[in-house]
Amino acid sequence: MLKNFTLIFFIALFFTVSSYGQSQPVPSSNTPVKFIKFYPNPAVTFINFEFQKGYDKNYSFLVFNFLGKKVIDLQQPNPRSQVDLTNFTRGVYIFQLKDKNGKVIESGKFQVEK
């Protein structure tokens, strides 16, 4: 019984990890437009963020570590921004793109491997 449970656990873990960082939206008429393209994911020394159509120079771009601590706060980011990950520890980070009123336009996550 324990052997079967262990096998099922590792299969589920494999499928979860293998799809990590891949966005697969469900097709619908209400699917939001993605403003941010980011790569590579997982990242080691740097990560690139490209703001797509609809970019407004009044946006702010924030990155938080998995504990919720703000590690980056870019006001009026460039349409293409490269973030140096030298001082980042290994783990998962959350990003948010906010408009001038503080409304979250888009959010996502990326992984840093060291």
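This is a short tour of the structure above, moving from the whole chain to one sheet and a residue pair inside it.

**Start with everything shown.** You are looking at a predicted model. Colour the protein by pLDDT: the average is 80, and 71% of the residues score at least 70. Now select residues 13-28, where the pLDDT is below 50. Beyond near neighbours in sequence, this stretch has eight contacts in the model, so please read its placement with care.

**Switch to a cartoon view.** The protein has one helix and seven strands. Following the sequence, you meet them in the pattern α-β-β-β-β-β-β-β.

**Select the sheet.** In which order do the strands of the open sheet E1-E2-E5 stand? Three strands line up as E1-E2-E5, with antiparallel pairing. Strand E1 (36-39) and strand E5 (80-84) are at the edges; each has a single partner strand, so one side of each lacks a neighbour in the sheet. Neighbouring strands here are turned by 20° against each other on average, direction ignored.

**Zoom in on E1 and E2.** Select residues 46-51 to light up strand E2, which pairs with E1 in the antiparallel sense over four bridges. Then pick phenylalanine 38 and look across to E2: its bridge partner there is phenylalanine 49.

**Zoom back out and add a surface.** The protein exposes about 8400 Å², of which carbon and sulfur atoms supply 58%. Of its 114 residues, 26% are buried. As a last stop, display the contacts between residues at least 6 apart in sequence: 51% of them join residues at least 24 apart.

Terms used:
Residues numbered from 1 in each chain as written. Predicted model: local features only at pLDDT ≥ 70, side-chain atom pairs only at ≥ 80, totals over all residues. Heavy atoms only, no water. Pairing = 2+ DSSP bridges. Helix = DSSP H or I, 4+ residues; strand = E, 2+ residues; numbered from the N terminus. Axes fitted to C-alpha atoms, helices over the stretch in contact; angles between N-to-C directions. pLDDT = per-residue confidence, 0-100. Contact = heavy atoms within 4.5 Å. Buried < 20%, exposed > 50% of the residue type's maximum accessible area, 1.4 Å probe, protein only. Areas by Shrake-Rupley, 256 points an atom, 1.4 Å probe, with all protein chains shown as cover.
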